[in-house]
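This report invites the reader to look at a protein model from the inside outwards. Please keep the sequence and the structure in view while reading.

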Amino acid sequence: MSDRTPTPPAGSGTELIGLIAASIRRERERSGLSMAELARRAGIAKSTLSQLESGAGNPSVETLWALGVALNVPFSRLVDPPRPAVQVIRAGEGPVTHSERADYAATVLSSCPPNARRDIYRIEAQPGETRASDPHMPGTVEHVLLGAGRALVGPTDAPVELRPGDYVSYPGDAPHVFRALAPDTLAVIVMEHI
């Protein structure tokens, strides 16, 4: 297991950590959960949750996914700041979180606005450990379009190899994987929340 933690865009690390802290606290209070109950549901220590809510922690993508599932909210609601009507995100910009278990970075490109049910991510990955994802909220479907490199993507028990331009769709509410098979693998993931 790697000790990699989210690396915010240059110059905005404190802002991203503050945004995550406020988002976790807001969603926990909205759901009426105590810190102890949310920590239990997410499978993390209460002290870790306390650090995250106070802005002292720097959560991995796995921790944020677990919190999103426990709160029944999309991952993006925990990391994405409000956006203007017209937005441009240049390569290398946007809120980035890294996996603890693989050389895998997810950048939220567009989060699910009220009454919509999708998030869009840019994925950058290197060969090595597989990024294994626990099931997301019930009804979630993931759509992956590979832009560069090669990757093994899909359900844990039946992933498919993708090459540039290939697309796959699979249930995100079941265990699934993303494993880069070539250096500098890039993909776009659209996550539908039903």
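## An enclosed helix

The model shown here is predicted. A useful place to begin is helix 4, where nine of the 11 residues are buried, so this helix is largely enclosed by the rest of the structure. A residue is called buried when its relative accessible area is under 20%. The buried residues of helix 4 are Val61, Glu62, Thr63, Leu64, Trp65, Leu67, Gly68, Ala70 and Leu71.

Just after helix 4 comes Asn72, which has a positive phi near 60 degrees.

## The nonpolar core

Which residues have the most contacts inside the largest nonpolar core? They are Ile24, Leu67, Tyr121, Val144 and Phe178, within a core of 40 residues. Helix 4, which spans residues 61–71, gives the most to this core, with six residues. Both domain 1 (13–79) and domain 2 (96–193) give residues to the core, so the core lies between the two domains.

Leu67 therefore appears in two descriptions: this residue is among the buried residues of helix 4, and it is also one of those with the most contacts inside the core.

## Salt bridges in the helices

The count of salt bridges in the model comes to 10. One of them joins Glu27 to Arg30, with the closest N and O atoms 2.6 Å apart. Why are Glu27 and Arg30 separated by about one helical turn? The reason is that they stand three residues apart in helix 1 (residues 13–31). Glu27 is buried, because its relative accessible area is 3%, and the cut-off for this class is under 20%. Glu27 and Arg30 also belong to a network of salt bridges that links them with Arg26 and Arg77.

A second pair is found in helix 2 (residues 35–42), where Glu37 and Arg41 lie four residues apart, about one turn of the helix. Their salt bridge has its closest N and O atoms 2.8 Å apart. Glu37 has a relative accessibility of 21% and so counts as partly exposed. Arg41, with a relative accessible area of 46%, is partly exposed too.

## A salt bridge between Arg122 and Glu124

Arg122 forms a salt bridge with Glu124, and here the closest N and O atoms are 3.4 Å apart. Are these two residues buried or partly exposed? Arg122 is buried, because its relative accessible area is 14%. Glu124, by contrast, is partly exposed, with a value of 35%.

## Paired strands

Strand 6 (residues 151–155) pairs with two other strands. It runs antiparallel to strand 7 (residues 160–162), and three bridges join them. Together, strands 6 and 7 form a hairpin with four residues between them. Within this pairing, Ala151 has Leu162 of strand 7 as its bridge partner.

How many bridges connect strand 6 with strand 9 (residues 176–180)? There are five, and the pairing is again in the antiparallel sense. Leu152 stands opposite Arg179 of strand 9.

## A nonpolar patch on the surface

Nonpolar residues also occur at the surface, where Leu145, Tyr167 and Val188 form a patch. Together they have about 280 Å² of accessible area. Leu145 is located in strand 5 (residues 141–148). This residue is partly exposed, because its relative accessible area is 43%.

Note on methods: Residues are numbered from 1 along each chain as its sequence is written. This is a predicted model: local features need pLDDT of at least 70, side-chain atom pairs count only at pLDDT 80 or more; totals for chains, interfaces and linings use all residues. Side-chain values use heavy atoms; hydrogens and water are left out. Two strands pair if DSSP finds at least two bridges between them. Patches are made of residues with over 30% relative accessible area and no salt bridge: like charges are joined within 9 Å, nonpolar side chains (Val, Leu, Ile, Met, Phe, Trp, Tyr) within 5 Å. Accessible areas come from the Shrake-Rupley method with a 1.4 Å probe; for residues, only the protein chains shown count as cover. A salt bridge is a side-chain nitrogen of Lys or Arg within 4 Å of a carboxyl oxygen of Asp or Glu. Buried means under 20% relative accessible area, exposed over 50%, partly exposed in between (1.4 Å probe, protein chains only). A nonpolar core is a set of buried Ala, Val, Leu, Ile, Met, Phe, Trp, Tyr and Cys residues joined through side-chain atoms within 4.5 Å. Domain bounds come from an automatic or database domain assignment.
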